Amino acid sequence: MPYQYDLFVIGAGSGGVRASRIAASKGYKVAVAEGGALGGTCVNIGCVPKKLFVYGSEFGHGFDEAAGYGWSHQGVEFNWSVLRDNKTKEIQRLNGIYGNLLGNAGVEVIAGFASFVDAHTVMVDGKTYTAERILIAVGAKPFIPEFKGSDLVVSSNEMFFLEELPQKALVVGGGYIAVEFAGILNGLGVETSLAYRGDQLLRGFDQDVRDFASEEYKKSGIDVRLNTDVEYIELADAADPKGARTVYFKDGHVEEFGLILYATGRVPNVASLALDKAGVKTGTNGAVIIDKNFTTSTKSVFALGDVTDRIQLTPVAIKEAMALIAYWFEGKEVTFDYDNIPTAVFSQPAIGTVGLSEQEAETRGLDFRVYQTDFRPMKHTLSGSTSRSMMKLLVNNADDKVIGAHMVGDYAGEIIQGLGIAIKAGATKADFDDTVGVHPTSAEEFVTFSAASLKKK
Ligand SMILES: Cc1cc2nc3c(=O)[nH]c(=O)nc-3n(C[C@H](O)[C@H](O)[C@H](O)COP(=O)(O)OP(=O)(O)OC[C@H]3O[C@@H](n4cnc5c(N)ncnc54)[C@H](O)[C@@H]3O)c2cc1C
Ligand SMILES: NC(=O)c1ccc[n+]([C@@H]2O[C@H](COP(=O)([O-])OP(=O)(O)OC[C@H]3O[C@@H](n4cnc5c(N)ncnc54)[C@H](O)[C@@H]3O)[C@@H](O)[C@H]2O)c1
């Protein structure tokens, strides 16, 4: 039976744009449905605007730190609407670029939310489209637990469009988004508390990184509250829905905040897809279940990116799209390597990490040694800031290969990318030691770890 398209992609985010663009350039007739703005989460309400906000908030510390370098100023003012609106203009420029990329590749863009009619048919705004293959790339959406007053909080989605900044904010959660936004708000001059229900922030990261980063966040001015959970929330004044919120914590403490951000995870965005009509099965949290070639329980339907709830990162969604393209066009079985994915948390200071944490290496029963150091970065010798950086390297004793690298400090995200290549290529500690350092940098610490910094043999 002939179909209208070779490929119909649902969702023009990181994974969907790449898959549709490359498939079309290789000769498929492709359409992509997008219910929001082109580029998806990363471009519109994720990585890109978040990083622009991080840059904006770093100036908040920069003015203070400049004094030790001889700069003085007559008071500094920050105008939130300028940052917010300049960010939005830049994102609109990127939306245009995504439109051109898709158009130039010959992809038909259909505006609207798609849902399944059957295994080869989708519907957008009442119109049906048939395709030999359908790719689900709808991403994820914020998860906010339900409790009394949960309608009075915002998610990361709203943070990009706030009418005004509050004087005082509470961020709830302990993952990437919570620590990144706590840093942004703090840097922009908002009195910021970060409440996490567990013992330490950033579960899943190396324990030393978690402990060190948490202390640095406190030093930077964030009020970090561990083992703290919210019972319920009310409007401070019932007649003023835009006004302060009163938070009743589980330990009995009561406090008012102008804004409460819940950054408590993201769940697959499948609710409106009518997956059952195509026989597509889902697992925990509604994640679309796929085999190693990104094929769902229905042979003609594929899925990748955040909707599969594996590793929620843009470069992962993009690499998955490229692997699926190689599977379709070259018949290559997918051998996606989810190990050694470098990642950065754009908190202040930032975190960069690749490979195993000390706890993961222990769980895997490896015989390994650990080098670790922390120091005052040269910039802060004059800035007056007490901020410190830390670095950590894990080495497998059997073959001397570096199996993990971790950093908390300025430029950690930039530095970890290069280390990701070295670790992926199988570099040994001897290779690191043979590499000439770039001086004076923080990064050179990674190639000058000596026996003195051996934390664990
Ligand atoms: C605040 C925040 C910051 C982040 N920062 C980073 C970062 O610094 N680095 C990083 O690597 N990752 C970051 N991420 C994660 C990254 O954004 C995601 O991993 C990535 O966008 C996933 O790509 P995707 O293609 O799976 O889905 P998405 O990019 O989410 O795209 C899905 C698209 O599908 C559309 N859609 C949904 N349902 C339908 C439907 N029924 N019909 C049509 N269209 C539909 C949506 O509107 C969306 O545009 C961040 C995420 C957030 C929320
Ligand atoms: N820099 C980056 O690359 C970047 C930045 C932002 C987001 N992301 C991606 O997006 C994903 C989602 O980010 P996130 O920060 O929302 O999720 P996350 O999974 O990283 O963190 C969620 C946090 O919320 C806590 N939590 C969950 N339920 C809760 C509840 N009921 N009450 C209180 N706390 C609760 C969890 O314990 C956890 O600390 C990340 O895992 C990451 O893959 C990446």
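**Reasoning about a disulfide, a ligand shell and a sheet**

Author: In this predicted model, the link of Cys42 and Cys47 is left-handed, with -135 degrees about the S-S bond.

Reader: Why is the pair Cys42 and Cys47 called a disulfide?

Author: The sulfur atoms of Cys42 and Cys47 are 2.2 Å apart, and a pair of cysteine sulfur atoms counts as a disulfide within 2.5 Å, so this pair qualifies. A disulfide is a covalent bond between the sulfur atoms of two cysteines. A search of the whole structure finds one disulfide.

Reader: What makes the backbone of Asp306 a polar contact of ligand 1?

Author: A backbone N or O atom of Asp306 lies 2.8 Å from an oxygen atom of ligand 1, and since the limit for a pair of N or O atoms is within 3.5 Å, the pair counts as a polar contact. The same test can be applied to Gln312, where a polar backbone atom is 3.4 Å from an oxygen atom of ligand 1, and to Cys47, where the corresponding distance, to a nitrogen atom of ligand 1, is 3.5 Å. Taken alone, ligand 1 exposes 1,000 Å², of which the protein buries 92%.

Reader: Which elements give two or more residues to the shell around ligand 1?

Author: They are α1 (14-25), β2 (30-34), α2 (40-45), α3 (47-66) and α8 (314-330), and α2 gives the most, with four residues. In total 35 residues surround ligand 1, the closest being Gly15, Glu34, Thr41, Lys50 and Asp306. By class, the residues of the shell divide into 15 nonpolar, 16 polar and four charged; Gly15 belongs with the polar ones, because Gly is counted as polar.

Reader: How do you know that β11 and β12 pair?

Author: Two strands pair if there are at least two bridges between them, and five bridges join β11 to β12 (residues 245-249), so the condition is met. The two strands run antiparallel, and one of the bridges links Glu234 to its partner Thr246 in β12. Strands of a sheet pair through backbone hydrogen bonds, either parallel or antiparallel.

Reader: What makes β11 and β13 the edge strands?

Author: The open sheet of three strands has the order β11-β12-β13, with antiparallel pairing, and β11 (230-235) and β13 (254-257) are its edge strands, as each pairs on one side only. From one strand to the next, the twist averages 25 degrees.

How values were computed
Residues are numbered from 1 along each chain as its sequence is written. Chains are lettered from A and ligands numbered from 1 in the order in which they are written. This is a predicted model: local features need pLDDT of at least 70, side-chain atom pairs count only at pLDDT 80 or more; totals for chains, interfaces and linings use all residues. Side-chain values use heavy atoms; hydrogens and water are left out. Axes are lines fitted to C-alpha atoms, for helices over the stretch in contact, and angles run from 0 to 180 degrees between N-to-C directions. A residue is near a molecule or strand if one of its heavy atoms lies within 4 Å of it. A polar contact is a pair of N or O atoms within 3.5 Å; within protein, one must be able to donate a hydrogen and the other to accept it, and residues adjacent in sequence count only if both atoms are side-chain atoms. Accessible areas come from the Shrake-Rupley method with a 1.4 Å probe; for residues, only the protein chains shown count as cover.
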